[in-house]
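Trainee: Could you take me on a close look at a single strand and the parts of the chain around it? I would like to follow it step by step.

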Amino acid sequence: MSHHHDSTRIDWNEQAQLLEHGAEVQSPLHRQVTDWLRELVPAGGVRRVLDVGSGPGVISGLLAEAFPYAEVVAVDATAPLLERALSRAARNGQADRISIRHAELPDGIEDLGEADLVWASGAVHHLGDQRAATGALARLLRPGGLLALVEGGLPARHLPRDIGIGRPGLESRIGAAVDDWFTRMRAELPGVKDEVEDWRALLAASGLTPSGTRSFLLDIPAPAPTAVREQLVSGFAWQRRMVEDVLSDDDLAVIDRLLDPEDPEGLLRRPDAYLLTARTVFTARKG
C-alpha cells in the first residue's frame, strides 16, 4: 500500500479542464434533462435561471438554449471557472444571455435574487448542512418556480470487469475507494450535519411540492471516440490521486498503465473502453 494521505479538499480551478470536458461529453444527457424541464415549467414563463455551482458554464449554455427568454446566471465560488463560463458564453454567441455571479456557498445563496428555475448539479453535497442549503435554494424561487437538484444516479463505468491486466474488478475497487473518499470529504466540511440523502423528502421539507424525479442515461459504447477516451484519462488520473492511499500497489500499477498514452493496454488505445453512466434529477415546485 502507498502511505501518502491525499487531502479531500478539492482545488476546483485545478480541475477546470476536467470539469469542462466532462460536461461537454455529458451534454447529450443534459439536453435530455433540459427537454424534460421544459415540460415541467413553460419556457415562456422562465425569465431568470440560476445555475448554482456552475463551474465552467457548460450547462449554463444548455439552459440558455432551452429557455430562450431567460437570463441565465452562472453562480460559483471559483472565479477562474466563472471566467471560463464568460468566455464560453461569448464563443457561443450567448454573452447577452449569460452573466456570472461569484458567491461562496452556502452563505451567498440568500443574496442571489429570485429565479423561475434554480438548477444545482452536484453542488449541495459539497455543503455541510444539506437540509439548510436545500431550504435556502427553495427560498429563491418565484411562485410557480422549479428547483432541480442533480444528485446521485449511477457511477460511471468505462471498462470490462476483466481487462486482461491485473486482478479483475479494478473499477469496482476504485469505486469503493472513491465512496470512502466522499465520506471523508463530507466529514471535513464546515458545519457538516448527518442527513439521510432522501432528496425528495428534503425538497418537501423546504416547503416545495415534489414534481417528478427522473434518471437520464449516457451510453457511449466501445470503442469510445477519442474525445471520450481523453476524458477517461483525465478522470482516472484524478481518481488515482484521490484513492492512492487506499488501493494496492498492484492496482495503482494497472491504473498507471491505463493512463500511459503509449501502452497498448492504455485507455487511449484499448478497443473496449466505453462510457456508461446515469444522473438523477429531483425537481420540486413552489406553490
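Mentor: Happy to! Let's begin with β2, which is mostly covered, with five of its six residues buried. Keep in mind as we go that this is a predicted model.

Look at one neighbour of β2 to begin with. Strand β1, residues 48-52, is joined to β2 by five bridges, and the two strands run parallel. To find your place in this pairing, look for V49, which stands opposite V72 in β2. Now trace how the chain gets from one strand to the other: it leaves β1, passes through α3 and arrives at β2, and this β-α-β crossover is right-handed.

Next, turn to β3, which is also joined to β2 by five bridges, again in a parallel arrangement. Here the pair to look for is D76 and its bridge partner in β3, H102. The connection between these strands goes by way of a helix: β2, α4 and β3 form a right-handed β-α-β unit.

That helix deserves a pause. α4 covers residues 79-91, 13 residues in all, and it reaches 19 Å from its first C-alpha to its last, close to the 18 Å expected at 1.5 Å a residue. Its buried residues are L81, L82, A85, R88 and A89. Viewed down the axis of α4, the buried residues fall within an arc of 115°, so they line one face of the helix. A90 and R91 lie on the other side of α4 and are exposed. What covers the buried residues? The cover includes β2 itself (71-76), together with α1 (16-25), α3 (58-66) and β3 (98-102). Just past the end of α4, you will find G93, which takes a positive phi of about 70°.

Now go back to β1, since it has another partner. β1 and β4 pair in the parallel sense over four bridges, and within this pairing D51 has W119 of β4 as its bridge partner. As for β4, seven of its seven residues are buried, so the strand is largely enclosed by the rest of the structure. From β4 you can step on to strand β5, residues 141-157, through six bridges, with the two strands running parallel. A120 is a handy marker here, standing opposite L149 in β5. There is a helix on this route as well: β4, α5 and β5 make a right-handed β-α-β unit.

Between β4 (115-121) and α5 (130-138) there is a loop, and V124 is found in it. V124 is buried, with a relative accessible area of 1%. Leaving aside neighbours within four places in sequence, V124 is in contact with Q130, A133, T134, L137, L149, E151, R186 and W199. To relate this loop to the helix we looked at earlier, take V124 and R88: they are 36 residues apart along the chain, and their C-alpha atoms are separated by 24 Å.

A second loop is worth comparing on your screen. A43 is found between α2 (27-40) and β1, and A43 is buried, with a relative accessible area of 13%. Not counting residues up to four places away in sequence, A43 touches R38, A66, F67, P68 and Y69.

The helix before that loop is α2. Its 14 residues should span 20 Å at 1.5 Å a residue, and its end C-alpha atoms are 20 Å apart, which agrees. Its buried residues are S27, L29, H30, V33, T34, W36, L37 and L40. Covering them are elements that include α1, α3, β4, β5, β6 (209-220) and β7 (275-285).

Finally, let's see how these parts come together. The largest nonpolar core has 54 residues, and those with the most contacts inside it are L37, L63, F67, L117, W119 and L258. Pick out L63: not counting residues up to four places away in sequence, it touches T34, V49, D51, V72, L117 and W119. V49 and V72 should be familiar, as they stand opposite each other in the pairing of β1 with β2. There is also a second, separate core of 27 residues, which includes V52, A133, L149 and L203. You have already met A133 and L149 among the contacts of V124.

Definitions and conventions:
Residues numbered from 1 in each chain as written. Predicted model: local features only at pLDDT ≥ 70, side-chain atom pairs only at ≥ 80, totals over all residues. Heavy atoms only, no water. Expected span 1.5 Å × (residues − 1). Buried < 20%, exposed > 50% of the residue type's maximum accessible area, 1.4 Å probe, protein only. Arc of directions from axis to C-beta. Contact = heavy atoms within 4.5 Å. Pairing = 2+ DSSP bridges. Right-handed = clockwise from strand over helix to strand, strands pointing away. Core = buried A, V, L, I, M, F, W, Y, C linked by side-chain atoms within 4.5 Å.
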